Amino acid sequence: MTLRHSSPTELYAAASDGDRRALARLLSLVERGGAPSRQVAALAYRSAREAATVGITGAPGSGKSTLVDRLVAAVRAEGGDVGVLAVDPSSPFSGGAILGDRVRMQEHALDEGVFIRSMASRGHLGGLALAVPEALRVLAAAGLPLVLVETVGVGQVEVEVASATDTTVVVVNPRWGDAIQANKAGLLEVADVFVVNKADNPGAAETRRDLEQMLDLSVDAGWRPPVVQTVATSDDGIDVLWGEIRRHQAHLAADGTLERRRRDRLAREFRAVLSARLARDAEHALGEGGLGALVDDVVEHRLDPYAAADEVISAITRRSPDHA
Ligand SMILES: Nc1nc2c(ncn2[C@@H]2O[C@H](COP(=O)(O)OP(=O)(O)OP(=O)(O)O)[C@@H](O)[C@H]2O)c(=O)[nH]1
Ligand SMILES: [Mg+2]
């Protein structure tokens, strides 16, 4: 089959049969957004296949890719297939910024059981926060039982992307204040497992203690995020980390948290799709500068905020019959 000219339906059928090139093409469609992406989304959503998902986030250079690479090796040693999605919210290009990761993952490049892909937001409605969950469903539909998502975690979008997974691993380094930085970025709330990587550098014990102290203050019955020390470059602690990830997944499955989390995520996703759609429709209906003009009206007290919202809604409704 010549993939280049294949329809989303043909690509989806091929990807579901294990064709990795078709899978890569599907993910490009997701990235680009628009009508083909919606078709892909609809197909993947009907699939009953689910994947366990693990997000790995943390400051630039903290060793996320090296950890992912080692985790992939650990999973492969057990014989499981695995997908890797490398997400860089700060970059509009897939590939470029992630080239280093590709090089680091060369060992797995020829392994049929490993699918590696980087992703950026090109045109997907709602950006990466919405493209990533869709990509995860496509990967699951293609039969990958486990997907690791690497995100450079610094801002709000990054935290959102990282928490689109069942288990979120937050990576910090033994640097003064690293734990506090992670806390400020909101990563403490989303972390299920902490990793102090580069533990071969001085200060690992202190960073670990900082994290434990912060965890003492946060109350969450049921699961206390373990803090694992690793030296990813020499494979130290990787087995412990993989063990903790699996322990967390078992914990999620055991008490119904997994279902609740997935439900919450879908609810959030649906709401985000809806507001992104409405925002786009409003922009189209009001034309360039239209929303800004309404903001001016509100600021100058010509319209109250509710009346301005009414204007937007009626502009959308007037317009909708011709593009429904
Ligand atoms: N000393 C030491 N170096 C490490 C360790 N883990 C990773 N590194 C090195 O740290 C550098 C950054 O590692 P990456 O795995 O690319 O880090 P990253 O978090 O993926 O980086 P970005 O994707 O650019 O945010 C590389 O030179 C690694 O070899 C470790 O445990 N100890
Ligand atoms: Mg990386």
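Helix H4 (residues 64-77) gives the most to the shell around ligand 1, contributing three residues. Keep in mind that this is a predicted model. In total, 15 residues surround ligand 1, and the closest are Pro60, Gly63, Lys64, Ser65 and Thr66. What classes do the residues of the shell around ligand 1 divide into? Eight are polar, four are nonpolar and three are charged.

Now for the helices at the start of the chain. H1 (residues 8-16) packs against H2 (residues 20-32), and H1 also comes up against H3 (residues 34-46). Here are the two pairs side by side:

| Helix pair | Angle | Axis distance | Crossing |
|---|---|---|---|
| H1 and H2 | about 135° | 8 Å apart | left-handed |
| H1 and H3 | roughly 40° | within 9 Å | right-handed |

Take H1 and H2 to begin with. Their axes make an angle of about 135°, and the two helices are therefore oblique to each other. On the H1 side, the residues involved are Pro8, Leu11, Tyr12, Ala14 and Ala15. They meet Ala22, Leu23, Arg25, Leu26 and Leu29 in H2. Sorted by class, this contact has nine nonpolar residues, one charged residue and no polar ones.

What about H1 and H3? Their axes cross at roughly 40°, so H1 is oblique to H3. Which residues of H1 meet H3? They are Pro8, Thr9 and Tyr12, and their partners in H3 are Pro36, Gln39, Val40 and Leu43. By class, the contact of H1 with H3 has five nonpolar and two polar residues, with no charged ones. Pro8 and Tyr12 turn up on the H1 side in the contact with H2 and again in the contact with H3.

Stepping back to the whole chain, the protein is divided into domain 1 (49-254) and domain 2 (267-323). How many residues of each domain are in contact? Five residues of domain 1 touch six residues of domain 2. On the domain 1 side, four of the residues are nonpolar and one is polar, while none is charged.

To pull the threads together: around ligand 1, the shell has eight polar and three charged residues beside four nonpolar ones. The contact of H1 with H2 has nine nonpolar residues, and that of H1 with H3 has five.

Note on methods
Residues numbered from 1 in each chain as written. Chains lettered and ligands numbered in written order. Predicted model: local features only at pLDDT ≥ 70, side-chain atom pairs only at ≥ 80, totals over all residues. Axes fitted to C-alpha atoms, helices over the stretch in contact; angles between N-to-C directions. Helix = DSSP H or I, 4+ residues; strand = E, 2+ residues; numbered from the N terminus. Parallel < 35°, antiparallel > 145°, perpendicular 65-115°, else oblique. Left-handed = near helix turned anticlockwise from the far one by under 90°. Contact = placed C-beta atoms within 7 Å. Nonpolar A, V, L, I, M, F, W, Y, C, P; charged D, E, K, R; others polar. Domains from an automatic or database assignment. Near = placed C-beta within 6 Å.
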